Amino acid sequence: MTTTAQSTTRTADDAVSRILARHGGAVPAAVADGGRDYDGEQYDLEERNALRRVGGLASELSTELTDVTEVEYRQLRLERVVLAGVWSSATASAEDAENSLRELAALAETAGSTVLDGVLQRRDTPDPGTWLGSGKANELKGVVSAAGADTVIADGELSPSQRRALEDIVKVKVIDRTALILDIFAQHAKSKEGKAQVELAQLEYLLPRLRGWGESMSRQAGGRVAGGEGIGSRGPGETKIELDRRRIRTRMAKLRREIKEMRPARETRRQSRRRGAVPSVVIAGYTNAGKSSLLNRLTGAGVLVEDALFATLDPTVRRSQTPDGRTMTLSDTVGFVRSLPTQLVEAFRSTLEEVGEADVLLHVVDASHPDPEGQISAVRDVLAEVGTHGGDGPVEVVVLNKCDQADPEVVSRLLRRERGSVVVSARTGEGLEALRERIGEVLPHPEVLVDVVVPYSRGDLVSRVHSTGEVLSTEHTETGTRVRARVAPDLAAELTA
């Protein structure tokens, strides 16, 4: 082996060691603070943490069977996985490759697996046959065998033929980044619409990847003769794999209809907010950037908060107030990630439309992440794909979260790059007042200036002025309340009628 090859191997091994060293995890806020009082009642978190692994029990007290001659025995445990990554120096740096594999390790842990090892290969383009190349694939087989892994997770999207070829070599299950993300979404979706969207995305991913297993999938079901119709009714019938594909397409069509039928309910809620002239603010950002924590801080929503990727998927809408007293709605959205599967983007398009209908977009960024600029670009790419970023989209305010853990130099760099951004910490509460002030500045202000005396019998109108308008002054007179304010046109018409 040449000196250059040895150096490259040492660099890759060092990178994998750094990635597997719990990928730089910080002390959870629940441990550091002794609790998450600002996050409200975390009932969902208690339910999710109800089942935990207990180590150190498989010793002399082990109840595993030793004689398995008469029974079939399988050990129940978490999946043990090995990560595999391919990167090109022409399109990404070694640091980018490390960050991507570190994120893949976090995704694997969120899905409920144990990461044992990882390999990084530097090559110009992925091998069209086995993704890694036959030599590295055989090397990966040795790593899998030595670690005792039962799954390989590829940091990229594999074609059906690449996945089959790699499985045939390593002799264990192989999945790619897309399948891993879809699995996490399937675990965490709770609402009826969210479950339908995830199932549709999974079926779209599965359809071209159905694999025949010998005779069981290529067997023909028989023509009408199988039903006893006799001579003249014989036909080739339908193979098992064709039947499965037809069933999947039928199920996908049904899910699309169900999702389409759920859309009017969201439209109705959105229109009711418009009629009430209530401005809306949407929180979006990279997964695990702190969106739910920020929503809890601003509204006391008590949404589930966990140091995991895609901890919450279903959007939550809460009411809040601007510093000048105007009512607004705050809602969070599903988190984003690099290379977000196109199936998920399409399935969640109706949910992401909430961003386009909002007045203000709070783009939450994890300022303590090794590559915050990459996160910003990934989120904006997805929003542009669904047509909710730029142009006539909402006003974007970049929120640099986790400033208590971030490098001050990185924060200064981001402030120079993203003009008008706000630095906050949802964990400590730092910068939240400045964020509220910023939201009040960029929210659309009512258009019509009115100076009217409202009779005391119409206190409801005064209440609406305070909740939806911008009150400049009030004065109590003998005949009623004199109000000088900026309000929406429909309310101005009622006040001056």
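**Exercise 1. State the accessible surface of the protein and the part of it that belongs to carbon and sulfur atoms; then describe the overall make-up of the chain.**

Solution. The accessible surface of the protein comes to about 25,900 Å², and carbon and sulfur atoms account for 49% of this area. The model under study is a predicted one. Its secondary structure consists of 18 helices and 13 strands. Of the 497 residues, 46% are buried. Finally, consider the contacts between residues at least 6 apart in sequence: 70% of these join residues at least 24 apart.

**Exercise 2. Determine the strand order of the open sheet that contains β1, and identify its edge strands.**

Solution. Begin with the order, which is β2-β1-β3-β4, with parallel pairing. The edge strands, each pairing on one side only, are β2 (113-122) and β4 (173-176). Neighbouring strands of this sheet are turned by 25 degrees against each other on average, with direction ignored. For a single pairing, take β3 (residues 151-154) and β4, which are joined in the parallel sense over four bridges. Within this pairing, Val152 stands opposite Val174 in β4.

**Exercise 3. Which strands of this sheet do helices α5 and α6 touch?**

Solution. Helix α5 (residues 134-147) packs on the sheet and touches β1 (79-87), β2 and β3. The direction of α5 makes about 155 degrees with that of β1. Helix α6 (residues 160-170) also packs on the sheet, where it touches β3 and β4. The direction of α6 makes about 145 degrees with that of β4.

**Exercise 4. Trp131 and Lys171 each have a positive phi although neither is a glycine. Locate each residue and decide whether it is buried or exposed.**

Solution. Trp131, with a phi of about 70 degrees, is placed in the loop between β2 and α5. The cut-off for a buried residue is under 20% relative accessible area; Trp131 has 4% relative accessibility and therefore counts as buried. Lys171, with a phi of about 65 degrees, is placed in the loop between α6 and β4. An exposed residue must be over 50%; at 61% relative accessibility, Lys171 therefore counts as exposed.

**Exercise 5. Why is strand β9 described as largely enclosed by the rest of the structure? Identify its pairing partners as well.**

Solution. Strand β9 spans residues 395-401, and five of its seven residues are buried, so the strand is largely enclosed by the rest of the structure. Seven bridges join β9 to strand β8 (residues 360-366), and the two run parallel. In this pairing, Val360 has Val395 of β9 as its bridge partner. Strand β10 (residues 422-423) also pairs with β9 in the parallel sense, over two bridges. Here the bridge partner of Val399 is Val422 in β10.

**Exercise 6. Characterise the packing of helices α14 and α15.**

Solution. Helix α14 (residues 372-385) and helix α15 (residues 408-417) pack at an angle of about 35 degrees, and their axes lie 11 Å apart. From α14, the contact involves Pro372, Glu373, Ile376 and Ser377; from α15, it involves Val410, Arg413, Leu414 and Arg417. By class, these residues divide into four nonpolar, one polar and three charged.

**Exercise 7. Which members of the largest nonpolar core touch the most other members?**

Solution. The largest nonpolar core has 42 residues. Those touching the most other members are Leu83, Ile153, Leu180, Phe336, Leu340 and Leu344. Another core, of 20 residues, lies apart from this one; its members include Leu294, Leu298, Leu362 and Val397.

Technical notes
Residues numbered from 1 in each chain as written. Predicted model: local features only at pLDDT ≥ 70, side-chain atom pairs only at ≥ 80, totals over all residues. Heavy atoms only, no water. Buried < 20%, exposed > 50% of the residue type's maximum accessible area, 1.4 Å probe, protein only. Contact = heavy atoms within 4.5 Å. Areas by Shrake-Rupley, 256 points an atom, 1.4 Å probe, with all protein chains shown as cover. Axes fitted to C-alpha atoms, helices over the stretch in contact; angles between N-to-C directions. Nonpolar A, V, L, I, M, F, W, Y, C, P; charged D, E, K, R; others polar. Core = buried A, V, L, I, M, F, W, Y, C linked by side-chain atoms within 4.5 Å. Pairing = 2+ DSSP bridges.
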